[in-house]
Amino acid sequence: TDWIYRALVVLVISCPCALVISIPLGYFGGIGGASRKGILIKGSNYLDALTKVKTVVFDKTGTLTKGEFRVSEVVTQNGFNETEIIKFAAYAESHSNHPIAKSIIEAYKNNLPLSEIDESLLSDIQEISGKGIKAKVGGKEIILGNDKLLHLENILHDKCDVEGTVVHLAVNSVYAGYIIISDTLKEDSQKTIQQLKEKNINTVMLTGDNKSVAESFAKKLGIDKFYFELMPEDKVNHIEMLIQSSAKGDKVAFVGDGINDAPVLARADVGIAMGALGSDAAVETADIVLMTDSPSKIVTAIDISKRTRRIVWQNIGFAMGVKLFFILLGVFGIATMWEAVFGDMGVAIIAILNSMRV
């Protein structure tokens, strides 16, 4: 009778309720705590992966910067005037939803509404991924885009080493000039980079802009490395290289917002998308979505993930320690059924309350 009683005491104590409940509840608590702060995490595995992130890779436009482009300067050449350049550019970009396109359209004749653009003048629109647009406006062939597009079309032009995004324009294969479009940093971008560095996390910036623009923003932010003039597939290749060069167990996170960022978000160990301004494709592909578009939320997410992991391990250690202690007491006949109930349900309740701290 005595040994049957001891066996029942040990059986009750060894019930794994505390572990089975507290571990997933700890992660659910972490996900809930993050969502309260505007960070949507799509699974506990991504919350756990955040604790191992050693490199955070940023897209520039719309992620570190506001993505609120404004035409700051128009430079003309070969007899063209500013009005012509803005008009041809606005017509060519009239079917695009890109922030740069919108800024050009807004600059056209004092924010002329898109509906007032004469569609009959526009034909043969051809979008060239990562380079720009070709179209016919009033019978004239317009080439609008970056330096790579002009080289592709063999159009002679001056090198534009200026701060800001540069959009070149050619009319009937004659270089007409360029439009400088400026963007500004988000208020908390510099603070975010600084806080990541304090956590010994490397920072990298990937952008499709030219070297001078990328270098200017990288210096302002204090980013460790930056890569410029990248097409969407180039960003994927850079992420691959960073993942391969990382130490075993270290994770690489990518933060982006555009439709072009979806493949990179999918390839990174942890994909983080800007939810408010981000494209549907980026939000759907990402593992974590920042609803306020604030880069500083990345630091908050990492802090929550590490706190969650600590609490989960506290629960594991507490539950195993108390249960082993009471099992030994039970084997020697010291522990009664009351201690066994505490060793099971009491420990489970304490572990649940501890999980709720996240």
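What share of the contacts in the chain with a separation of 6 or more comes from residues 24 or more positions apart? With the whole chain of this predicted model selected, the answer is 60%.

Keep the full chain in view and colour it by secondary structure, which brings out 13 helices and 13 strands. Turned along its principal axes, the C-alpha trace spans about 105 × 40 × 30 Å, and the radius of gyration is 28 Å, whereas a compact globule of 358 residues would have one near 21 Å. Switching to a surface display shows an accessible area of about 17400 Å², with 55% of it belonging to carbon and sulfur atoms, while 49% of the residues count as buried. If the charged side chains are selected next, 37 positive and 42 negative ones appear, the centres of the two sets lying 9 Å apart.

Now select the aromatic rings, among which a search of the whole structure finds three pairs. Begin with Phe226 and Phe228, whose ring centres are 6.3 Å apart and whose planes meet at 40°, so this pair is tilted. Phe226 is partly exposed, at a relative accessible area of 24%, and Phe228 is partly exposed as well, at 30%.

Move on to Phe326 and Phe342, where the ring centres are 5.9 Å apart and the planes stand at 70°, so the pair is edge-to-face. This pair joins helix 12 (residues 296-331), which holds Phe326, to helix 13 (residues 337-355), which holds Phe342, across 16 residues. Phe326 is buried, with a relative accessible area of 11%, whereas Phe342 is partly exposed at 39%. Finally, add Phe325 to the selection, since ring pairs link Phe325, Phe326 and Phe342 into a cluster.

Definitions and conventions: Residues numbered from 1 in each chain as written. Predicted model: local features only at pLDDT ≥ 70, side-chain atom pairs only at ≥ 80, totals over all residues. Heavy atoms only, no water. Helix = DSSP H or I, 4+ residues; strand = E, 2+ residues; numbered from the N terminus. Rg over C-alpha atoms; globule rule 2.2 N^0.38 Å. Buried < 20%, exposed > 50% of the residue type's maximum accessible area, 1.4 Å probe, protein only. Contact = heavy atoms within 4.5 Å. Areas by Shrake-Rupley, 256 points an atom, 1.4 Å probe, with all protein chains shown as cover. Lys, Arg positive; Asp, Glu negative; His and termini not counted. Charge placed at Lys NZ, Arg CZ, Asp CG, Glu CD. Phe/Tyr/Trp six-rings, centres within 6.5 Å; stacked < 30°, edge-to-face > 60°.
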